[in-house]
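Me: I've got a structure open here and want to go through it piece by piece. Mind fielding some questions?

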Amino acid sequence: MAFTLLGRGASFPEKLDKPVSGRSKCLLGAVPKGNATKEFIESLQLKPGQVVYKCPKCCSIKPDRAHHCSVCKRCIRKMDHHCPWVNNCVGENNQKYFVLFTMYIALISLHALIMVGFHFLHCFEEDWTKCSSFSPPTTVILLILLCFEGLLFLIFTSVMFGTQVHSICTDETGIERLKRKNQPREHMGSWQSVKETFGGDFSLNWFNPFSRPCQPEIPSDKDMVRQVTSLSDTETMEDPSEETKDEDSVEVTDE
């Protein structure tokens, strides 16, 4: 389906519990499980000042801006939040689909409200027994229920749509916004972030749920390595990006 949000991984346990690489890993947006082995870390050949962060919950090496989802049981790159409505995480490579999902639901809800209004005016001006196949009391109850449902979905999806657009324009996910003081970093420009999310320069494909966003570069092993200004004398320490979240990860340094 067009709105299947790839990024969680829990919907495909047989595939994603195994290490994935190349284009598949890039499309999913999920960090491979179980790659934080001693042999793999040694193969990275870390230089002085370089570190990798290990997630103790899914035993994976966390790239920059990746966070562990307690529902999906894995780390997701650029994770914004876990949405129970779509039973998936909103993160890298699927945020466009979630934005279009909320936008189109909001437009459909607005359309339903307008149609209810016109139908009510039509029944008010004409004979109630002729404008509907139901009895007048039943017609009124159905119109009220449809109006309430349309208004509820319109408000909810509009708020979600506005929140997602704000996150894209500021290049800051919902999790990063909560940890802004603990994670200072550079942000890309608003227009550049929008183009990266929706796929290149402005076109009608931005509004097409069947069109994929531009394919990002396939993450390499070196993308898992981060540069720090100072190193501790210990081999493992708490990940500073997860201090406020149940010690979500630890830092592994090359000694």
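Me: Let's start with phenylalanine 161: where is its place?
Reply: Bear in mind that we're looking at a predicted model. Phenylalanine 161 touches Val99, Thr102 and Met103, leaving aside residues up to four places away in sequence. As for its own place, that is in helix 5.

Me: How far apart in space are phenylalanine 161 and threonine 102, C-alpha to C-alpha?
Reply: Threonine 102 is on the contact list of phenylalanine 161. In sequence the two are 59 residues apart, while the C-alpha to C-alpha distance in space is 5.6 Å.

Me: And how does phenylalanine 161 count by its relative accessibility?
Reply: Buried needs a value under 20%, and exposed needs one over 50%. Phenylalanine 161 has 27%, so it counts as partly exposed.

Me: What about serine 109, is that buried or exposed?
Reply: Serine 109 has its place in helix 4, residues 95-125. It touches Gly150, Phe153 and Leu154, again not counting residues up to four places away in sequence. Its relative accessible area is 7%, so serine 109 is buried.

Me: Which helices do the buried residues of helix 7 pack against?
Reply: Helix 7 covers residues 190-198, and its buried residues are Ser193, Val194, Lys195, Thr197 and Phe198. Just after helix 7, glycine 199 takes a positive phi of about 105 degrees. The buried residues of helix 7 pack against helix 4 and helix 5.

Me: Which residues form one aromatic cluster?
Reply: Rings pair if their centres lie within 6.5 Å, and by that rule there are six aromatic pairs. Phe198 is one of the buried residues of helix 7, and it belongs to the cluster too. The full cluster is Trp191, Phe198, Phe202, Trp206 and Phe207.

Me: Over to the strands: how many bridges pair strand 3 and strand 4?
Reply: Alanine 66 stands opposite arginine 77 in strand 4. The hairpin of strand 3 and strand 4 has four residues between the strands, and lysine 73 takes a positive phi near 65 degrees there. The strands pair in the antiparallel sense, and the number of bridges is four.

Me: Which side chain does arginine 77 meet in a salt bridge?
Reply: Arginine 77 is at 8% relative accessibility, so it counts as buried. Its partner has a relative accessible area of 22% and is therefore partly exposed: that's glutamate 92. The N to O distance is 2.5 Å, and the residue that arginine 77 meets is glutamate 92.

Me: What is the phi of lysine 78, roughly?
Reply: Lysine 78 sits in the loop between strand 4 (74-77) and strand 5 (81-83). At 19% relative accessibility it counts as buried, because the cut-off is under 20%. This is a residue other than glycine with a positive phi, and the value is near 50 degrees.

Me: How many residues apart in sequence are the parts tied together by glutamate 196 and lysine 78?
Reply: Glutamate 196 has a relative accessible area of 37%, so it is partly exposed. The side chains of glutamate 196 and lysine 78 meet in a salt bridge at 3.6 Å, N to O. Glutamate 196 lies in helix 7 and lysine 78 in the loop between strand 4 and strand 5, so the parts tied together are 118 residues apart in sequence.

Me: Which residue meets arginine 65 in a salt bridge at 2.7 Å?
Reply: Arginine 65 is in the loop between strand 2 (60-62) and strand 3 (66-69), with a positive phi near 70 degrees. Its relative accessible area is 14%, so it is buried. Its partner is buried as well, and the side chain at 2.7 Å, N to O, is that of glutamate 176.

Me: Finally, how many residues are in the largest nonpolar core?
Reply: Its members are Ala36, Phe40, Ile41, Leu44, Leu46, Val52, Ile61, Met224 and Val225. A second, separate core of seven residues includes Ala30, Ile76, Met79 and Cys89. For the largest core, the count is nine.

Definitions and conventions: Residues numbered from 1 in each chain as written. Predicted model: local features only at pLDDT ≥ 70, side-chain atom pairs only at ≥ 80, totals over all residues. Heavy atoms only, no water. Phe/Tyr/Trp six-rings, centres within 6.5 Å; stacked < 30°, edge-to-face > 60°. Core = buried A, V, L, I, M, F, W, Y, C linked by side-chain atoms within 4.5 Å. Buried < 20%, exposed > 50% of the residue type's maximum accessible area, 1.4 Å probe, protein only. Helix = DSSP H or I, 4+ residues; strand = E, 2+ residues; numbered from the N terminus. Contact = heavy atoms within 4.5 Å. Pairing = 2+ DSSP bridges. Salt bridge = Lys/Arg side-chain N within 4 Å of Asp/Glu carboxyl O.
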